[in-house]
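The following exercises concern backbone geometry, burial, packing and overall dimensions. Each task is followed by a solution that proceeds step by step.

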Amino acid sequence: MTAAAIVVTLSGCREVAPAFGPNLPFAKQNAEEFFYSVGSRFTNIQRPARILRARQQFGHYALTPSGIYNDTSVWLSIGPDSARLFGDEGHFAVDRYVVNTALGSNAPDALTESREIVRLRKLSDSEYEWFTNVEVALGRIAARNIADVLAAALNAGEGKTSAAIRANYTSSFPHTAAALGRLFTIDTLRVTPDNEGATTFDVAVKLTPDILKATMPHYAAYIDKYISKGKYRITLSDQSGAHWFDANASNYYMHFKVRSKGGHFVPIGGGIRSMPQALTIQMDMSMKIALFTVGWTNMIGDFELINTAHERGWSMRFAKEPDWRLPPTVGTLLRSSLHRPFQGEGIPIRVSIRDNPGSQTILNRRLALTVQESGILRFLNHLSGTAVGDFLGASEREANRFNADAFRALRQDVAGLLP
């Protein structure tokens with residue numbers, strides 16, 4: 001969610017705020033509810049011991065679910081197919097976000113409410129299927145208005161110089177720039193108009209945990225230990241091979257490159273045309289945990305835009321095994337279990353914002369993952385569990401406080417632009 005704040009701030013101009021609604025009164029109401037609801041979910045989160053233990057166990061046994069499948073201290077119910085079920089619901093109360101165990105079936109219907117369901121199903125002696133579904137209430141903003149905000153941010157920066165954009169977002173979003181500035185510094189901002197009327201945005205953001213550690217030392221230390229040593233790349237391309245989005249990160253830098261015309265994405269290179277609904281996503285990742293560097297290249301999947309009258313978002317499916325990067329000694333282990341998540345339906349991921357006139361607009365995130373336990377997965381699970389374990393606790397509390405500060409600042413700045 002912090003990435004959303006970065007996007008708005010980078011192109012943040014006075015023209016962006018009115019896009020939150022069809023007119024100024026609705027824009028002000030929608031922005032207020034949206035930032036209040038999202039920011040509240042990071043504010044002084046209170047979870048009972050059972051939820052804290054469940055979250056810890058989910059992280060510890062994500063790739064070796066047999067270790068948690070029969071843990072009665074975690075699961076709230078057993079389904080008709082012997083699936084294990086866990087759930088929680090949250091809401092903001094006075095000065096804190098209160099989360100309690102629950103297996104509700106109804107979507108959140110009030111501002112700040114959220115619902116999460118985790119299901120673990122045993123398919124065979126060694127195969128398990130995870131499914132998670134998270135829903136968050138965002139107020140009464142229409143899904144199309146969320147897309148309008150991004151379009152307005154891009155459109156506002158088109159044709160302008162980088163100096164003009166920097167000056168505009170600094171003056172329009174001063175509180176947000178200060179809140180994010182504890183961890184993110186815009187190192188490079190290149191804005192290149194072309195003779196087709198489009199503009200290419202080339203942005204490099206530097207992570208500055210050395211600044212953050214003055215107020216959030218645990219979160220800064222976690223970034224130093226894990227994030228700084230990771231390398232990531234995400235690209236979106238069409239059937240012709242043209243790129244529509246390019247992002248990579250390494251050595252404290254995040255780099256983004258997009259091209260737009262009239263607030264709409266166009267190919268980074270080549271002629272102007274509308275973004276197709278079906279794209280290809282490629283993800284590369286490597287991370288050093290303890291003494292080992294692990295990751296993958298060429299994680300390729302189908303990427304589909306969700307664009308209906310009442311829903312905006314993305315649907316992804318990864319059904320092709322990537323090229324793995326593993327330590328030499330581990331790479332000699334039986335690797336058949338690494339194929340399993342990509343077989344059949346693969347790994348489906350869906351993220352969308354769905355409005356329903358008269359009730360709350362819902363941010364929905366769904367993921368399904370099938371794993372086959374083996375020696376190599378136990379090794380990878382140990383590493384991932386270490387990283388998750390290091391985050392839970394003080395690091396997560398500070399990360400939540402950072403996010404809450406960012407969305408509180410956005411709420412204040414946008415309100416100032418919508419008198």
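**Exercise 1. Positive phi angles**

Task: State where asparagine 251 lies and whether it counts as buried or exposed, and then treat asparagine 298 likewise.

Solution. The model is a predicted one.
- Step 1. Asparagine 251 sits in the loop that links strand E10 (243–250) to strand E11 (253–261).
- Step 2. Its relative accessibility is 53%. Exposed means over 50%, so asparagine 251 counts as exposed.
- Step 3. Although asparagine 251 is not a glycine, its phi is positive, at about 50°. Most residues other than glycine have a negative phi.
- Step 4. Asparagine 298 belongs to strand E14 (residues 292–308). Its phi is also positive, near 60°.
- Step 5. With a relative accessible area of 26%, asparagine 298 is partly exposed.

**Exercise 2. A pair of asparagines in two strands**

Task: Determine which elements hold asparagine 133 and asparagine 364, and describe how their side chains are joined.

Solution.
- Step 1. Asparagine 133 is part of strand E6 (residues 127–137), and asparagine 364 is part of strand E18 (residues 362–372).
- Step 2. The relative accessible area of asparagine 133 is 10%; that of asparagine 364 is 3%. Since buried means under 20%, asparagine 133 is buried, and asparagine 364 is buried as well.
- Step 3. The two side chains are joined by a polar contact of 3.0 Å. The side chain of asparagine 364 makes a further polar contact, of 3.2 Å, with the side chain of arginine 366.
- Step 4. Residues up to four places away in sequence are now set aside. Asparagine 133 then touches Arg115, Glu116, Ile117, Asn364, Arg365 and Arg366. On the same condition, the residues touched by asparagine 364 include Asn133, Val134, Glu135 and Arg350.

**Exercise 3. A glycine in a loop**

Task: Locate glycine 104 and list the residues it touches beyond four places in sequence.

Solution.
- Step 1. Glycine 104 is found in the loop between strand E4 (96–101) and strand E5 (114–122).
- Step 2. Its relative accessible area of 22% makes glycine 104 partly exposed.
- Step 3. Beyond four places in sequence, glycine 104 touches Glu89, Arg115 and Ile117.
- Step 4. Threonine 280 lies 176 residues from glycine 104 along the chain, and their C-alpha atoms are separated by 35 Å.

**Exercise 4. An asparagine in a helix**

Task: Establish whether asparagine 145 is buried or exposed, and identify its contacts beyond four places in sequence.

Solution.
- Step 1. Helix H5 (residues 143–157) contains asparagine 145.
- Step 2. At 5% relative accessibility, asparagine 145 counts as buried.
- Step 3. Apart from neighbours within four places in sequence, asparagine 145 is in contact with Ala19, Phe20, Gly21, Pro22 and Asn30.
- Step 4. Arginine 312 is 167 residues from asparagine 145 in sequence, yet the C-alpha to C-alpha distance is 9.6 Å.

**Exercise 5. Nonpolar cores and helix H9**

Task: Name the residues that touch the most other members of the largest nonpolar core, and explain why the buried residues of H9 lie on the same side of this helix.

Solution.
- Step 1. The largest nonpolar core has 43 residues, among which Phe58 and Trp75 touch the most other members. Helix H12 (residues 375–391) supplies the largest share of this core, six residues.
- Step 2. Phenylalanine 58, leaving aside neighbours within four places in sequence, is in contact with Ile68, Val74, Trp75, Phe86, Val118 and Trp130. A second, separate core has 27 residues, including Ala17, Ala27, Phe34 and Phe42.
- Step 3. In helix H9 (residues 217–225), the buried residues are Tyr219, Ala220, Tyr222 and Ile223. They lie on the same side of H9 because they cover an arc of only 160° around the axis.
- Step 4. The buried residues of H9 pack against strand E8 (199–207), helix H8 (209–212), H12 and helix H13 (394–417).

**Exercise 6. The chain as a whole**

Task: Compare the radius of gyration of the chain with that of a compact globule.

Solution.
- Step 1. For 419 residues, a compact globule would have a radius of gyration near 22 Å. The chain has 22 Å, which agrees.
- Step 2. Along the principal axes, the C-alpha atoms fill a box of roughly 60 × 50 × 45 Å.
- Step 3. The chain has 13 helices and 18 strands, and 47% of its 419 residues count as buried.
- Step 4. Of the contacts with a separation of 6 or more, 64% are between residues 24 or more positions apart.

Methods: Residues numbered from 1 in each chain as written. Predicted model: local features only at pLDDT ≥ 70, side-chain atom pairs only at ≥ 80, totals over all residues. Heavy atoms only, no water. Core = buried A, V, L, I, M, F, W, Y, C linked by side-chain atoms within 4.5 Å. Buried < 20%, exposed > 50% of the residue type's maximum accessible area, 1.4 Å probe, protein only. Helix = DSSP H or I, 4+ residues; strand = E, 2+ residues; numbered from the N terminus. Contact = heavy atoms within 4.5 Å. Arc of directions from axis to C-beta. Polar contact = N/O pair within 3.5 Å; in protein donor to acceptor, adjacent residues only side chain to side chain. Rg over C-alpha atoms; globule rule 2.2 N^0.38 Å.
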